[in-house]
Amino acid sequence: MAIDPICKTTVDEKTAFKSVYKNKDYYFCSENCKQKFDELDKSVIRVRRSLKDKERISFAKLRREIIEPGICTLCGACVASCEVLSVVNGKPALKGPCTACGVCYNQCPRTITTESNLIGSVRDVFTAKSLLSEVKGQDGGVVTSMLLYALEEGLIDSAIVTVKSDEEPWKPVPIVAQTREDILRGSGSIYVHSLTMESLMSAIKRGSRSIGFVGPSCNIDAVHKMQNSPYGLLHMFMRANILKLGLFCMDTFDYPGLKTFIEQKGFPLSSIREMKIRKGKFIIRSETEATFPLSELDHLRSGSCTVCTDLTAEKSDLSFGSVGSNEGYTTVLARTGLGLELFQDAADRGYIKMETLERQGLDRVLHQAKAKKVQMYMIKKRIETGKGL
Ligand code: SF4
Ligand code: SF4
Ligand code: SF4
């Protein structure tokens, strides 16, 4: 007896309809099931044709990204889509020449193949910088300028931003900013976790009802959950309008570890004026500028960051980051209707200069987002090499 691969009923090989595929016999209960099975081959050819003009993707990419890291589920979708693939020693493998048609890669449930899988839904993409002379924030100061615009136009009554501690240099302190001066204190990146949600709750308890909230994806996710979960506090009784301004984020570090690292390099933490991460480098600026490979800080990464897969704060109204834009400019992803409208209005009112981000810039964002998405696949490797978790 055999199983019909289409309807899964048991059939008798002697009386069943039959097809031969990749040198193997398949049996069907009816002509209809046999026809569906036979048409699969034509579907593969159609997909191959439509992928022809796109990027050439060979089996090597599937092997490198999915099979070698050990995250292949052995579902067989790649093998079933191509006559030169078969399972060898428990893994999909080539048994003939690959034409780099990309079909196997696009069938695999573990590959990430669409832009929205990488950066979430986006309405428009810009590169921008502040037009306000007093805003000296990193990468164009666009977040600070957005908050100043929203506060001065009466769209928010407070903003949750993170400033540096007065007592301990570069230690993050979340505050409820209600004045221009408070918001200006919040500019610049601090690569340590900040307990922003406490400040958000405190702002609501103090009567704020329209709040600008700035944070990386993990903080934006917390707000989203509290707004949308059936038992979320913001959903049930602490109702407030929250404009979510998300920050691109790759890493944060343990504060005491970061302090020791910088001091061991010969810089008192209090002398540091700016910290930034660019192209795999950690850069600090005091009287002089010093650059270190980011890998030197691997052991200081927060555990949560090693499993975080959201670069661009996908649940925010507007997301901001340096990736994709030139020095002095910020990449802005407008995700919601509200975010897009406010961003365009801020530009119309002279707070921000903005233009459409070129395709090359967006590709850099997608590339970086992919690096972060697939890092979850590398967790096993990190445990094996003792480099994370
Ligand atoms: S020829 Fe086969 S193995 Fe090569 S990319 Fe296409 S589907 Fe994958
Ligand atoms: S499609 Fe992907 S997950 Fe499925 S067997 Fe092939 S490589 Fe593994
Ligand atoms: S890497 Fe992820 S978890 Fe870590 S601070 Fe950034 S957004 Fe949060």
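**Ligand shells, loops and a covered helix in a predicted model**

Around ligand 1 there are 14 residues, and the closest are Cys82, Cys98, Thr99, Cys101 and Cys104; a residue is taken as near a molecule or strand if one of its heavy atoms lies within 4 Å of it. Sorted by class, this shell holds eleven nonpolar, two polar and one charged residues. The classes work like this: Ala, Val, Leu, Ile, Met, Phe, Trp, Tyr, Cys and Pro count as nonpolar, Asp, Glu, Lys and Arg as charged, and the others, Gly among them, as polar.

The model is predicted, so local features need pLDDT of at least 70 and side-chain atom pairs count only at pLDDT 80 or more, while totals for chains, interfaces and linings use all residues. Residues are numbered from 1 along each chain as its sequence is written, chains are lettered from A and ligands numbered from 1 in the order in which they are written, and side-chain values use heavy atoms, with hydrogens and water left out.

As for the overall picture, the protein has 15 helices and 17 strands. Both are DSSP runs numbered from the N terminus, with helices being H or I of at least four residues and strands being E of at least two. Of the 389 residues, 49% count as buried; buried means under 20% relative accessible area, exposed over 50%, and partly exposed in between, with a 1.4 Å probe and protein chains only. The accessible surface of the protein adds up to about 20200 Å², and 51% of that belongs to carbon and sulfur atoms. Such areas come from the Shrake-Rupley method with a 1.4 Å probe, and for residues only the protein chains shown count as cover. If one takes contacts (heavy atoms within 4.5 Å) between residues at least 6 apart in sequence, 62% of them join residues at least 24 apart.

Back to the cysteines. Cys82, one of the closest residues to ligand 1, counts as buried because its relative accessibility is 12%. Cys78 is buried too, at 9% relative accessibility. The structure holds zero disulfides, a disulfide here being a pair of cysteine sulfur atoms within 2.5 Å.

Ligand 3 has its own set of neighbors: His193, Pro216, Ser217, Cys218, Cys249, Met250, Asp251, Thr252, Ser304, Cys305, Cys308 and Lys372. Two elements give two or more residues to this shell, namely helix 9 (217-228) and helix 12 (303-306). By class, the shell around ligand 3 splits into six nonpolar, four polar and two charged residues.

Two loops sit on either side of helix 12. In the one between strand 14 (289-293) and helix 12 lies His299, which is exposed because its relative accessible area is 62%. The side chain of His299 reaches the backbone oxygen of Glu296 at 3.3 Å; a polar contact is a pair of N or O atoms within 3.5 Å, where within protein one must be able to donate a hydrogen and the other to accept it, and residues adjacent in sequence count only if both atoms are side-chain atoms. His299 and Gly257 are 42 residues apart in sequence, yet their C-alpha atoms are 8.9 Å apart in space. In the loop between helix 12 and strand 15 (318-321) comes Ser316, and this serine is buried, with a relative accessible area of 2%. The Ser316 side chain reaches the backbone oxygen of Ala313 at 2.6 Å and that of Leu318 at 3.4 Å. Leaving out residues up to four places away in sequence, Ser316 touches Ile220, Lys244, Leu245, Gly246, Arg335 and Thr336.

Helix 8 (residues 196-205) is mostly covered, with seven of its ten residues buried: Thr196, Met197, Ser199, Leu200, Met201, Ala203 and Ile204. Just after this helix, Gly207 takes a positive phi of about 105°. Ser208 follows in the loop between helix 8 and strand 10 (210-216), and Ser208 is buried, at a relative accessible area of 4%. Its side chain makes a polar contact of 2.9 Å with the side chain of Ser158. Ser158 also appears among the residues that Ser208 touches, along with Asp157, Gln178, Ala203 and Ala240, not counting residues up to four places away in sequence.

Finally, a word on backbone angles. Most residues other than glycine have a negative phi. Leu74, though not a glycine, has a positive phi of about 55°. Leu74 lies in the loop between helix 2 (59-67) and helix 3 (77-80) and is partly exposed, at 45% relative accessibility. Ala100 has a positive phi as well, near 55°; Ala100 lies in the loop between strand 6 (91-94) and helix 4 (103-107) and counts as buried at 16% relative accessibility.
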